[in-house]
Amino acid sequence: MGNITKIGQVSVPVKDLERSVNFYKELLGLDLLFQTDSMAFFDCHGLRLLVSLPEKEDFAHASSVFYFHVEHIQEAYESFKAKGVVFIDEPHMVAKMGQTETWMVFFEDTEGNTHALMSEVQV
């Protein structure tokens, strides 16, 4: 149950959100799904691209964050933690869109790269 099913989203940290939205929407032609004051989500043929202002200084670097989709985030968190995965935080809700809550928990790989498990829960 705690197995990764797909990459659900890729994140790119940005310094200027409006400039980035213009680049991905107008120059690259990606469909803008929705935008908040600090994030914009695009559809890239089923893979979601998130461009966002970094939440923390730790995330303010030129790299992508892989968001690995899991069905049950708490079970996956416990399972991977037991295997020795180093988590930065605990599962938490990051957004609510209609009847869907998006939950995430961040971890580091062996090279210090930050990635996340994500789960979309119908409420």
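These legends accompany an overview and several close-up views of a predicted model.

**Figure 1. Overall fold of the predicted protein.**
The protein contains two helices and nine strands. Read from the N terminus, the order of elements is β-α-β-β-β-β-α-β-β-β-β. The chain has 123 residues, and its radius of gyration is 15 Å. A compact globule with 123 residues would have a value near 14 Å, so the two agree. Along the principal axes, the C-alpha atoms fill a box of roughly 45 × 35 × 25 Å. Take contacts between residues at least 6 apart in sequence: 49% of these join residues at least 24 apart.

**Figure 2. Surface, burial and charge.**
The accessible surface of the protein is about 7,400 Å². Carbon and sulfur atoms account for 52% of that surface. Of the 123 residues, 37% count as buried. The protein carries 9 positive and 19 negative charges. The mean positions of the positive and negative charges lie 1 Å apart.

**Figure 3. Confidence along the chain.**
Mean pLDDT for the protein is 88. A value of 70 or more is reached by 95% of the residues. Among the elements, strand β2 (residues 31–35) has the highest mean pLDDT, at 95. Strand β5 (residues 65–69) has the lowest, at 85.

**Figure 4. Close-up of T102 in strand β8.**
T102 belongs to strand β8, which covers residues 100–108. Its relative accessibility is 3%. The cut-off for buried is under 20%, so T102 counts as buried. Neighbours within four places in sequence are left aside in the contact list. With that exclusion, T102 is in contact with H92, M93, V94, A95 and M97. Its contacts also include M118, S119 and E120. Strand β7 spans residues 92–97.

**Figure 5. Close-up of P91, a buried loop residue.**
P91 sits in the loop between β6 (86–87) and β7 (92–97). Is this loop residue buried or exposed? P91 counts as buried, because its relative accessibility is 15% and the limit is under 20%. Residues up to four places away in sequence are not counted among its contacts. On that basis, P91 touches I73, Q74 and Y77. It also touches W103, M104 and V105. E101 is 10 residues away from P91 along the chain, and their C-alpha atoms are separated by 12 Å.

**Figure 6. Close-up of H45 in the loop between β3 and β4.**
H45 lies between β3 (39–44) and β4 (47–52). Its phi is near 55°. That is a positive value in a residue other than glycine. H45 has 83% relative accessibility, so it counts as exposed.

**Figure 7. Close-up of K15 in the loop between β1 and α1.**
K15 is placed after strand β1 (6–13) and before helix α1 (17–27). Its relative accessible area is 80%. Exposed means over 50%, so K15 is exposed. The view can be extended to H69, which is 54 residues from K15 along the chain. The C-alpha atoms of K15 and H69 are separated by 26 Å. H69 falls within the residue range of strand β5 (residues 65–69).

**Figure 8. Close-up of G98 in the loop between β7 and β8.**
G98 is found in the loop between these two strands. It is exposed, with a relative accessible area of 53%. How far apart are G98 and Q122 in space, C-alpha to C-alpha? The distance is 9.1 Å, for a pair 24 residues apart in sequence.

Technical notes. Residues numbered from 1 in each chain as written. Predicted model: local features only at pLDDT ≥ 70, side-chain atom pairs only at ≥ 80, totals over all residues. Heavy atoms only, no water. Helix = DSSP H or I, 4+ residues; strand = E, 2+ residues; numbered from the N terminus. Rg over C-alpha atoms; globule rule 2.2 N^0.38 Å. Buried < 20%, exposed > 50% of the residue type's maximum accessible area, 1.4 Å probe, protein only. Contact = heavy atoms within 4.5 Å. Areas by Shrake-Rupley, 256 points an atom, 1.4 Å probe, with all protein chains shown as cover. Lys, Arg positive; Asp, Glu negative; His and termini not counted. Charge placed at Lys NZ, Arg CZ, Asp CG, Glu CD. pLDDT = per-residue confidence, 0-100.
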